[in-house]
Amino acid sequence: HIRRNGRASRGSRGLLRLACAAMLCVGIVRCAGADAPALSATQVKALFLFNFTKYVEWPAEAFTSPTDPLVICMVGNPELAEPLRKLAAGKTVNGRPIEVRSVPAAESTNRCHILFLGDVQPSILPELLQPWRGEPVLLVGEQENFTRLGGIVNFGLRDSKVRIEINTAAAEESGLKLGSKLLGVADLVQNKR
């Protein structure tokens, strides 16, 4: 549980310090006159998707062998795939390489560990999410009501900044363990379906 009474957990304080340090570094570089543009919303989402690989624990049965890659599947929002591929290139998590694949929306047989559903019609969202319910897949979207429809993580914009909301009940149903650092950066944590 994340408390909203002004007290942050140890994990979220550490993440907050890291974020403040990063913002300070960016500010120093800008003051020094170097060209350091702010990250776009697409770049921030790519960073989040990449970091989910570090702060989510998948059950052993999500992989067929200890050397299987951790696969991030991308549906829609093609401009997000390239920065994510660059971030994941040559990287591993728990000894597993990270792969980024673009897949068609209807391809539910593809082995994914993170499934990002971007730019899909809200009317077909329940149909797209249904085959993945209870599967060890982190369902990530960017549509209104995504977490209420069974998605686990949703990107949104507030004050021109990318924010995330999390449905912990959906994560639990999928057998995923979400780290405290991930829960600490969420704007909204839902504990029920």
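**Entry 1: the Asp 187 salt bridges**

I started with Asp 187 and Arg 158, whose side chains meet in a salt bridge at 3.1 Å, N to O. My cut-off for a salt bridge is a side-chain nitrogen of Lys or Arg within 4 Å of a carboxyl oxygen of Asp or Glu. Asp 187 sits in the loop between helix H6 (180-184) and E10, while Arg 158 belongs to strand E7, so this pair ties together parts 29 residues apart in sequence. Helices (H or I, at least four residues) and strands (E, at least two) are DSSP runs, which I number from the N terminus.

A note on what I'm looking at: this is a predicted model, where local features need pLDDT of at least 70 and side-chain atom pairs count only at pLDDT 80 or more, whereas totals for chains, interfaces and linings use all residues. Residues are numbered from 1 along each chain as its sequence is written, and side-chain values use heavy atoms, with hydrogens and water left out.

Next I asked what else Asp 187 bridges to. It forms a salt bridge with Arg 163, with the closest N and O atoms 3.8 Å apart. Arg 163 lies in strand E8 (residues 161-167), so here the parts tied together are 24 residues apart in sequence. Through shared partners, salt bridges join Arg 158, Arg 163 and Asp 187 into one network.

Then I checked exposure, taking buried as under 20% relative accessible area, exposed as over 50% and partly exposed as in between (1.4 Å probe, protein chains only). Asp 187 is partly exposed at 28%. Arg 158 is partly exposed at 45%, and Arg 163 is partly exposed at 26%.

**Entry 2: another salt bridge**

How many salt bridges does a search of the whole structure find? It finds four. One I looked up is Glu 142 with Lys 45, where the closest N and O atoms are 2.6 Å apart. The pair links distant parts of the chain, with Glu 142 in the loop between E6 and E7, Lys 45 in helix H2 (residues 41-55), and their positions 97 residues apart. I wondered whether Lys 45 is buried or exposed. At 14% relative accessibility, Lys 45 counts as buried.

**Entry 3: the rings**

The same kind of whole-structure search gives four aromatic pairs. Rings of Phe, Tyr and Trp (its six-membered ring) pair if their centres lie within 6.5 Å; planes under 30 degrees apart are stacked, over 60 edge-to-face, and the rest tilted. Phe 48 and Phe 52 make a tilted pair, 6.1 Å centre to centre with 35 degrees between the planes. They are four residues apart in helix H2, which means about one helical turn separates them.

Phe 48 is buried, and so is Phe 52. Phe 48 also forms a tilted pair with Phe 155, at 5.9 Å centre to centre and 45 degrees between the planes. This one links distant parts of the chain: Phe 48 is in helix H2 and Phe 155 in strand E7, 107 residues apart. I get 19% relative accessibility for Phe 48 and 3% for Phe 155. Ring pairs link Phe 48, Phe 52, Phe 116 and Phe 155 into a cluster.

**Entry 4: the core**

I define a nonpolar core as a set of buried Ala, Val, Leu, Ile, Met, Phe, Trp, Tyr and Cys residues joined through side-chain atoms within 4.5 Å. Which members of the largest core touch the most others? Among its 52 residues they are Leu 49, Phe 52 and Leu 138. Strand E2 (residues 70-75) gives the most to this core, with six residues.

I then listed contacts (heavy atoms within 4.5 Å) for Leu 138, leaving aside neighbours within four places in sequence. Its partners include Phe 52, Val 56, Trp 58, Ile 152 and Leu 178.

**Entry 5: the sheet**

Eight strands form an open sheet, ordered E3-E4-E2-E5-E6-E7-E8-E10, with mixed pairing. Two strands pair if DSSP finds at least two bridges between them. Strand E3 (92-93) and strand E10 (188-190) are the edges, each pairing on one side only.

Strand E6 (residues 138-141) and strand E7 (residues 153-158) run parallel, joined by two bridges. Gly 141 has Asn 154 in E7 as its bridge partner, and Val 140 stands opposite Val 153 in E7.

E7 and E8 pair in the antiparallel sense over six bridges; Leu 157 has Val 162 in E8 as its bridge partner. These two strands form a hairpin with two residues between them, and Asp 159 in the turn has a positive phi of about 55 degrees.
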